[in-house]
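Visitor: Hello! Could you show me how to read the features of a structure that is new to me?
Guide: Gladly; let us look together.

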Amino acid sequence: ELDRAEAALRASADNAGLDGVLAREGLGYVAEARAAAAKDPTERQRLLEAARVAFAKAQPADGGVRRDYALYHEARMLAELGKPAEAKTRLEKALELVPASEIELDIQQRLAQLEAAAP
């Protein structure tokens, strides 16, 4: 079903506004699901990177709708890729850009997890 979902999302990914943002975000979820199912570690890393890129492209504009979500999801992928410092930077930016984010608590929890895991 991931192939069908990806095809449907790609058809809407160039749309303006919220529809396009959600379609691009969905492409990130598809790549993330593929990464979770990957048996080969190299393929898993490749797919996590693809998910990271998709989430980054979901909303690249700092003032755009769901920018906090795009940064949050990109940070999740960076953490999975073993890049906690970059993940922390994205999460901090999400809090800075959207101080009243719907996912503020999630962002703060991710930051706390990253800080707790720091050497």
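Visitor: Is the crossing of α2 and α4 left-handed or right-handed?
Guide: The crossing of α2 and α4 is left-handed. Please keep in mind that this is a predicted model. The residues in contact are E25, Y29 and E32 on the α2 side, with Y69, H73, R76 and M77 on the α4 side. Sorted by class, this contact has three nonpolar, one polar and three charged residues.

Visitor: At what angle do α2 and α4 cross?
Guide: Two packed helices are described by the angle between their axes and by the distance between those axes. Here the axes of α2 and α4, the latter covering residues 67–80, come within 11 Å and cross at roughly 15°. An angle under 35 degrees counts as roughly parallel, so α2 is roughly parallel to α4.

Visitor: How do α4 and α5 pack?
Guide: The helix α5 covers residues 84–97, and α4 packs with α5 at an angle of about 165°, their axes 8 Å apart. α4 and α5 are therefore roughly antiparallel to each other. The crossing in which α4 passes α5 is left-handed.

Visitor: Which residues make the contact of α4 with α5?
Guide: From α4 come R67, D68, L71, Y72, E74, A75, L78 and A79. From α5 come E86, A87, R90, L91, K93, A94 and L97. By class, the contact of α4 with α5 has nine nonpolar, no polar and six charged residues.

Visitor: What is the angle between α1 and α2?
Guide: α1 and α2 pack at about 155°, with their axes 8 Å apart. That angle makes α1 roughly antiparallel to α2. α1 passes α2 in a left-handed crossing. On the α1 side, the residues are L2, D3, A5, E6, L9, R10 and S12; they meet D19, G20, A23, G26, L27, V30, A33 and R34 in α2. This contact of α1 with α2 has seven nonpolar, three polar and five charged residues.

Visitor: Now to empty space. What is the volume of the largest pocket?
Guide: Rolling a probe the size of a water molecule over the atoms shows where empty space is left. In this model, the largest pocket has a volume of about 230 Å³. Its lining has 14 residues, and the closest to the centre of the pocket are E6, R10, L27, A50 and A54.

Visitor: Which elements give two or more residues to the lining of the largest pocket?
Guide: They are α1 (2–12), α2 (17–37) and α3 (41–58). The largest share of the lining, six residues, comes from α3.

Visitor: How do the lining residues of the largest pocket divide into nonpolar, polar and charged?
Guide: The lining has eight nonpolar, no polar and six charged residues.

Visitor: One last feature, the backbone. What is the phi of R66?
Guide: Most residues other than glycine have a negative phi. The phi of R66 is near 65°, a positive value in a residue other than glycine. To find R66, look in the loop between α3 and α4.

Notes: Residues numbered from 1 in each chain as written. Predicted model: local features only at pLDDT ≥ 70, side-chain atom pairs only at ≥ 80, totals over all residues. Heavy atoms only, no water. 1 Å grid on protein atoms, 1.4 Å probe; cavity = no way out; pocket = protein on both sides within 12 Å on 5 of 7 lines; lining within 4 Å. Points joined across faces, edges and corners; volume = space filled by probe spheres on them. Helix = DSSP H or I, 4+ residues; strand = E, 2+ residues; numbered from the N terminus. Nonpolar A, V, L, I, M, F, W, Y, C, P; charged D, E, K, R; others polar. Axes fitted to C-alpha atoms, helices over the stretch in contact; angles between N-to-C directions. Parallel < 35°, antiparallel > 145°, perpendicular 65-115°, else oblique. Left-handed = near helix turned anticlockwise from the far one by under 90°. Contact = heavy atoms within 4.5 Å.
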